[in-house]
Amino acid sequence: MSTQVEQLEAAIKAALERAFKAGSLSGQIPATIKLERPKDRDHGDYATSIALQLAKPAGKNPRDVAQIICDLLAGTDGISQVDIAGPGFINITLNRADQAELVTTILKATKDFGKGKALAGVRINLEFISANPTGPLHLGHTRWAAVGDSLGRVLSAAGADVKREFYINDRGNQMDLFGASVEAAALGNPIPEDGYQGAYISDLAKEVVASNASMTSLPEGERHQAFREAAYALQLKDQQRVLDTFGTHFDVWFSERSLHDQGAVEHGLEKLRKQGHVFEEEGAIWLRTTDFGDDKDRVLTKSDGSLTYFSSDTAYYINKRERGFDICIYMLGADHHGYVGRLKAIAACAGDDPEYNIHVLIGQLVKIMEGGEEVKLSKRAGTIITLEELVEKVGVDAARYTLIRYPVDTPMVMDIDILKRNTNENPVYYVQYAHARIAAVLRNADELKIPVDLAAFDSSQLVHDRENELLGALAEFPRVVQSAAELRQPHRVARYLEELAGTYHGFYADCRVLPMGEENPSPLHTARLLLCASTKQVIKNGLDLLGVSAPERM
């Protein structure tokens, strides 16, 4: 079912085709017609700058081009008025009753309203939370746990086939130090100076010994390995448990070790060699990433034969592409800016298009404030605050919503005190309250036996400016979802919901929804109730994309 914006875009394209066929315009019809919602409702429901875009190739004044388009749009079904403004902008006012039919569209589509096909057929690997299984997930992981999960939902809503992937950094010296730390705690020995600290190490040690008391009696080398593997399994399981309670789920848990154990590193090296970008120098094997914009070439194998971490990066990317993914999205922490160039260079060295096949998002730091002071320490991990502790403080909904509503490339501050308040300054409460308020209105209508049924809907009743404003806001939802997916910016959904909630509250203040006193229910009451129901559905759909609940009561 096409959206109102798609129908309007199609009408403008049809008008342009007629103009080109008649010879009144020349040039080329653009693939998309950009439509915007004017802030001033006196300027119509939608505005387009298409006339300015076509003026130069047509060899005409923009206002003359606009006039040709306006004349052809006049009389189009659903359009009540077309005006020219300024240097050649076209303002379009929709027929109020036709615009109100959006209510029918939403309530028939229900949970599918907002979904589209912009990314249909595109297979996307979405990797977020690349973490060591050596401790609890911290605040940096928490931001990606929320944003990454929401981005996956938004991409799916735009039609993409998305696989969410957790990359387990389970190889290297940090794993040995982790195992040694747990082993030392179990044996009552001091934790190694460069080992892992925090109460969770002692907890893990007790759990390991409880599951296999004989482990402490193993020969030293065997004991090291046994403690490392047992602690790894327990810590990974705990990370999975915490993410599950946070509403973040992965399709694939990918082990770095598996790249090496299954020959993927050697396979990747051979593929890159065939592409002609591998060279040897001073006994080491290098990838010539400078050919594709990296600041320096990268070592794959050191002169002593040991593999670098970069060799895992190259193998992992090639592995993803060979699993059939068209686009690989990496979501990395604030200290990984240097990875953008090298990852794109890997894609280019592999023969791919680095502007299409790979996309790297860098997330900035999160600061938590409570009682006017920054919260830095974790009771359990001994370092920065963990995902689990944040959820304990504010709940899953508030944590997820707040982390998602900011662009990931900007640092953010979470004020615990605000997130605990049930006031409008708490954004998640503001949006959820709008949903619950509508639910209450619909319950009241049911008690009054007022039909909230599309069979009784008369779209011509919705002519008030506030109703028109709310309908216009609802019509924008599919475009918001599409842009959030294409730009990899799920925060757009959160900000849209806040604006929609504000628009609804304005409508509710100025438009009586339920009859007063002994007043009999009218077709207007029914129409407004159905408008409320469609708003409720869109808010729920938006919150679902954020992984946030839509409560019926608050």
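**Exercise 1. Two packed helices**

How are α18 and α20 oriented to each other, roughly parallel or roughly antiparallel? Work from the predicted model.

*Solution.* Start with the geometry: helix α18, residues 465-475, packs against helix α20, residues 491-510, at an angle of about 160°, and their axes lie 9 Å apart. Next, apply the cut-off, under which angles over 145 degrees count as roughly antiparallel. The two helices α18 and α20 are therefore roughly antiparallel to each other. As for handedness, the crossing in which α18 passes α20 is left-handed.

The last step is to list the residues that meet. From α18 come Arg466, Glu467, Glu469, Leu470, Ala473 and Leu474, while α20 contributes Tyr496, Leu500, Thr503, Tyr504, Gly506, Phe507 and Asp510. Sorted by class, this contact of α18 with α20 holds 7 nonpolar, 2 polar and 4 charged residues.

**Exercise 2. The sheet of 3 strands**

Determine the strand order of the open sheet that contains β1, β2 and β3, and explain why one side of β1 and of β2 is left without a neighbour in the sheet.

*Solution.* The 3 strands follow one another in the order β1-β3-β2, with antiparallel pairing. In this arrangement β1 (46-48) and β2 (79-85) stand at the edges and have a single partner strand each, so one side of each is left without a neighbour in the sheet. From one strand to the next, the twist averages 20°.

Then examine one pairing in detail: β1 and strand β3 (residues 89-94) run antiparallel and are joined by 3 bridges, and Tyr46 stands opposite Ile92 in β3. Finally, add the helix that packs on this sheet, namely α3 (residues 62-73), which touches β2 and β3 and whose direction makes about 175° with that of β2.

**Exercise 3. The sheet of 5 strands**

Which strands are the edge strands of the sheet that contains β6 and β11, and which helices pack on it?

*Solution.* First set out the order, which is β6-β5-β4-β10-β11 in an open sheet of 5 strands with parallel pairing. The edge strands are β6 (252-255) and β11 (358-362), each of which pairs on one side only. Neighbouring strands are turned by 25° against each other on average, direction ignored.

Next, consider β5 (residues 161-168), which pairs with β6 in the parallel sense over 4 bridges; here Phe166 stands opposite Trp253 in β6. Helix α9 (residues 220-245) packs on the sheet by touching β5 and β6, its direction making about 140° with that of β5. Helix α13 (residues 338-349) also packs on the sheet, touching β10 (327-332) and β11, and its direction makes about 170° with that of β11.

Notes: Residues are numbered from 1 along each chain as its sequence is written. This is a predicted model: local features need pLDDT of at least 70, side-chain atom pairs count only at pLDDT 80 or more; totals for chains, interfaces and linings use all residues. Side-chain values use heavy atoms; hydrogens and water are left out. Axes are lines fitted to C-alpha atoms, for helices over the stretch in contact, and angles run from 0 to 180 degrees between N-to-C directions. Angles under 35 degrees count as roughly parallel, over 145 as roughly antiparallel, 65 to 115 as roughly perpendicular and the rest as oblique. A crossing is left-handed if the near helix is turned anticlockwise from the far one by less than a right angle, and right-handed if clockwise. Contact means heavy atoms within 4.5 Å. Ala, Val, Leu, Ile, Met, Phe, Trp, Tyr, Cys and Pro count as nonpolar, Asp, Glu, Lys and Arg as charged, and the others, Gly among them, as polar. Two strands pair if DSSP finds at least two bridges between them.
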